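Visitor: Got a minute to walk me through this one? I'd like the layout before I set anything up.

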Amino acid sequence: MNLNIKGRFRKAAFEVVWRLRFLENRLRLFMGLQRIESIFHRPTDMCESDRLMIYALVRGLRPKRVLEIGVRWGGSARIICAALQDNGEGFCVGLDPHVHDFRVPARKLYGRYELVCGYSPADVPDAIARLGTPVDLVFIDATHIYACALADVNAVCSYLAEGGHILMHDAFHVGIDAAVREFMKHNPDIEDLGILTRHAHQDMPVMYQGLRLLRVGKACTQQIITSAYGDKLPEDTKRLWNYNQYSLKIGQVREIDGRYEYVDEN
Ligand SMILES: C[S@@+](CC[C@H](N)C(=O)[O-])C[C@H]1O[C@@H](n2cnc3c(N)ncnc32)[C@H](O)[C@@H]1O
């Protein structure tokens, strides 16, 4: 492609900006200001893709109150706290009867974690009392059998925020799947968003690993989008349906009386 001087200059400036952004991100990682590296710290029972997914979910969903059932050494607790710290908000309470197994240094929890000694479902109310309500995200990774998983989801369900999520680990276990299906039968207001990861681990006769996400309530997409725009959302959103800066620049879209129209040249 032949570019004139202005075009070449713009391309070079663009390149410089991208390189600076890349360096900035490397620097943030190096200085520990992006804590995604928390996923590489062992020990944890979760496979790498599940660790990445839980970090991404906490970053993306920005929960303020998180409950973790089943903590063991604290591998997932460390990831959750790293993501909360990167978000700049949120607190997590972990519930496990074997608290002496926990081995994450306090400085890696960033003051965002409290470990409660106890069993689900009996001690869930105590853990919730320390966390406060409504809870935005519950991570269930305790005893991976049908009866316990069902008791865990039932125990937390009434504390969740509208639009809050339940994340179940070891979703490939047939007992966990059956527990979710049973739970769904009695809770029509819960949406099953499915299994988000695909790395099943075989430990016959059952499979382990995998994260399954459930949401309380129907998708509140409109509310999420509206609040993202704040007071910048025009009354007539239809006029923006075809808005795109690049499409405007290349003539794929034209502005006609404040509306953006797609120019179909085929
Ligand atoms: C698979 S480990 C948790 C691993 C941790 N989430 C991670 O990825 O780093 C399961 C833990 O659940 C705990 N546990 C078992 N039954 C429980 C119950 N009823 N309530 C709370 N924790 C339980 C066990 O003590 C064990 O530490």
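Guide: We'll go through the domains, two helices, the core and the ligand shell.
Guide: Keep in mind that this is a predicted model.

Visitor: How is the chain divided into domains?
Guide: Domain 1 covers 1-29, domain 2 covers 36-222 and domain 3 covers 234-262.

Visitor: And how far apart do the C-alpha centres of domain 2 and domain 3 lie?
Guide: They lie 42 Å apart.

Visitor: Now H1. How many residues does it have, and what does it reach end to end?
Guide: H1 runs over residues 5-30, which makes 26 residues. From first C-alpha to last it reaches 37 Å, close to the 38 Å expected at 1.5 Å a residue.

Visitor: Why does H1 count as lying largely in the open?
Guide: The number of buried residues in H1 is 0, so the helix lies largely in the open.

Visitor: What follows it?
Guide: Gly32 follows H1, with a positive phi near 75 degrees.

Visitor: Where is Phe40?
Guide: In the loop between H1 and helix H2, residues 48-61.

Visitor: Is Phe40 buried or exposed?
Guide: Phe40 has 10 C-beta neighbours inside 10 Å, so it counts as exposed. Its C-alpha is separated from that of Gly75 by 9.4 Å, with the two 35 residues apart along the chain.

Visitor: On to H2. Which of its residues are buried?
Guide: Asp50, Arg51, Met53, Ile54, Tyr55, Leu57 and Val58.

Visitor: What covers them?
Guide: The cover includes H3, strand E5 (160-169) and strand E9 (211-216). As for span, the 14 residues of H2 reach 20 Å, close to the 20 Å expected. Arg62 follows H2, and its phi is positive, near 50 degrees.

Visitor: Switching to the largest nonpolar core. Which residues touch the most other members?
Guide: Ile54, Leu67, Ile80, Val138, Ile140 and Val156, out of 54 residues in that core. Helix H3 (residues 75-87) gives the largest share, 7 residues.

Visitor: What does Ile80 touch?
Guide: Leaving out residues up to four places away in sequence, Ile80 touches Ile54, Val58, Val66, Glu68 and Cys92.

Visitor: Last topic, the ligand. How many residues surround it, and which are closest?
Guide: There are 20 around the ligand, and the closest are Gly70, Arg72, Gly75, Ser76 and Ala142. H3 and strand E2 (91-96) are the elements that give two or more residues to that shell.

Visitor: How does the shell divide into nonpolar, polar and charged?
Guide: It has 8 nonpolar, 7 polar and 5 charged residues.

Notes. Residues numbered from 1 in each chain as written. Predicted model: local features only at pLDDT ≥ 70, side-chain atom pairs only at ≥ 80, totals over all residues. Core = buried A, V, L, I, M, F, W, Y, C linked by C-beta atoms within 7 Å. Buried ≥ 20, exposed ≤ 12 C-beta atoms within 10 Å, placed from the backbone. Helix = DSSP H or I, 4+ residues; strand = E, 2+ residues; numbered from the N terminus. Contact = placed C-beta atoms within 7 Å. Near = placed C-beta within 6 Å. Nonpolar A, V, L, I, M, F, W, Y, C, P; charged D, E, K, R; others polar. Expected span 1.5 Å × (residues − 1). Domains from an automatic or database assignment.
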